[in-house]
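Biologist: I am new to this one and would like to learn how to read it. Could you walk me through the features as we look?

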Amino acid sequence: MIEFHQVFKRYEGGHEALKGVSFELPAGEMAFLTGHSGAGKSTLLKLIALMERPTRGQVILDGQNISKVKDRHIPYHRRKIGMIFQDHRLLFDRTVFDNVALPLIIAGVSDREIPKRVRAALDKVGLLSKEKQLPIQLSGGEQQRVGIARAVVNKPPLLLADEPTGNLDPELSADIMNLFAEFNQVGVSVLIASHDLALIARMRHPVITLKEGRTIRNELAEAAFDE
Ligand SMILES: Nc1ncnc2c1ncn2[C@@H]1O[C@H](COP(=O)(O)OP(=O)(O)OP(=O)(O)O)[C@@H](O)[C@H]1O
């Protein structure tokens, strides 16, 4: 699903956030990305979503070298990816329904189809009864679930999450991780950046560990996780 081949990323100003990162996430796999603050986790996810471009090396998504994707085609590229952020980035003046509908409206899905799809996504995250509420009326965990519903409403084959449990207590964090695992069980590929090592250990999925922009451990390449 995702391949990194000797990927380097130097930001303007000279900071080298990634220094020769290589790994492969097979389709249908779920894995975690961990490492200290500043290790390069967010940068790695941004390269996949084309929010940033690599300085050197290749990023392959679904068999396609994404350096070939022109800027004007980035919106199409992003439809393959559901992105979830720590701060969920919801529109606070819109209802839960409207927030989840947004990617469908952008993709040009018909008005008839939108309510069906939005309710299916809200049902999956257990928030069907909250569609008319505003995000501010929801708990932090519920807001994160709205963010997940918005990310999956287009049925992307890949979910990328950047510290999705960063603001949540341990119990809610475990619920959110289990939700990702449920999407993975029906075939969605999932890559989650998190520094919650205790929670990651409980999930029993391969872990890629970054340190100062380098991969210091890649369990995706270790025999213990081979099928
Ligand atoms: N737009 C940018 N311009 C310049 N430097 C940046 C930019 N974004 C990130 N960096 C630097 O690149 C390095 C890696 O940052 P990144 O956000 O990828 O790390 P991270 O592992 O996600 O950290 P955190 O857990 O704190 O989010 C950091 O030193 C950061 O300061």
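**Strands, sheets, helices and a ligand**

Modeller: Gladly, and let us start with a single pair of residues: Leu158 has Ser189 in β8 as its bridge partner. Please keep in mind that this is a predicted model.

Biologist: Which strands does that pair belong to, and do they run parallel or antiparallel?

Modeller: The strands are β7 (residues 158–162) and β8 (residues 189–193), which run parallel and are joined by 5 bridges.

Biologist: In what order do the strands of the open sheet with mixed pairing lie?

Modeller: There are 6 strands, and the order reads β6-β7-β8-β3-β9-β10. At the edges stand β6 (81–85) and β10, and each has a single partner strand, so one side of each has no neighbour in the sheet. On average, neighbouring strands here are turned by 20° against each other, direction ignored.

Biologist: Which strands of the sheet does α1 touch?

Modeller: Helix α1 packs on the sheet and touches β3 (30–34), β6, β7, β8 and β9. The direction of α1 makes about 150° with that of β7. Helix α6 (residues 170–185) packs on the sheet too, touching β3, β7 and β8, and its direction makes about 155° with that of β8.

Biologist: Now the hairpin, please. How many residues lie between β9 and β10?

Modeller: The hairpin of β9 and β10 has 2 residues between its strands. In the turn, Glu212 has a positive phi of about 45°. Strand β9 (residues 207–211) and strand β10 (residues 214–218) run antiparallel, joined by 4 bridges. As a pair to look for, Ile208 stands opposite Asn218 in β10.

Biologist: What is the order of the strands in the open sheet with antiparallel pairing?

Modeller: That sheet has 4 strands, in the order β2-β1-β4-β5. Its edge strands, β2 (16–25) and β5 (64–65), each pair on one side only. Within this sheet, β1 (residues 2–10) pairs with β2 in the antiparallel sense over 7 bridges. Opposite Leu25 in β2 you will find Ile2.

Biologist: How is the packing of two helices described?

Modeller: Two packed helices are described by the angle between their axes and by the distance between those axes. Try it on helix α3 (residues 96–106) and helix α5 (residues 140–152): their angle is about 30°, and their axes are 7 Å apart. Angles under 35 degrees count as roughly parallel, and α3 and α5 are therefore roughly parallel to each other.

Biologist: Which residues make that contact between α3 and α5?

Modeller: From α3 come Val96, Asn99, Val100, Leu102 and Pro103, while α5 brings Val146, Ala149 and Arg150. By class, the residues of this contact are 6 nonpolar, 1 polar and 1 charged.

Biologist: At what angle do the axes of α5 and α6 cross?

Modeller: The axes of α5 and α6 cross at roughly 15° and come within 10 Å. That angle makes α5 roughly parallel to α6. The crossing in which α5 passes α6 is right-handed. On the α5 side the contact is made by Gly141, Gln144, Ile148 and Val152, and on the α6 side by Leu172, Asp175, Ile176, Leu179 and Phe183. These residues divide into 6 nonpolar, 2 polar and 1 charged.

Biologist: Last of all, the ligand. Which residues surround the ligand?

Modeller: The residues around the ligand are Tyr11, Gly13, His15, Ala17, Gly35, Ser37, Gly38, Ala39, Gly40, Lys41, Ser42 and Thr43. Helix α1 (residues 41–48) gives the most to this shell, with 3 residues.

Biologist: How many residues of the shell are nonpolar, polar and charged?

Modeller: The shell around the ligand has 3 nonpolar, 8 polar and 1 charged residues.

Terms used. Residues are numbered from 1 along each chain as its sequence is written. This is a predicted model: local features need pLDDT of at least 70, side-chain atom pairs count only at pLDDT 80 or more; totals for chains, interfaces and linings use all residues. Two strands pair if DSSP finds at least two bridges between them. Axes are lines fitted to C-alpha atoms, for helices over the stretch in contact, and angles run from 0 to 180 degrees between N-to-C directions. Angles under 35 degrees count as roughly parallel, over 145 as roughly antiparallel, 65 to 115 as roughly perpendicular and the rest as oblique. Two residues are in contact if their C-beta atoms, placed from the backbone, lie within 7 Å. Ala, Val, Leu, Ile, Met, Phe, Trp, Tyr, Cys and Pro count as nonpolar, Asp, Glu, Lys and Arg as charged, and the others, Gly among them, as polar. A residue is near a molecule or strand if its C-beta atom, placed from the backbone, lies within 6 Å of it. A crossing is left-handed if the near helix is turned anticlockwise from the far one by less than a right angle, and right-handed if clockwise.
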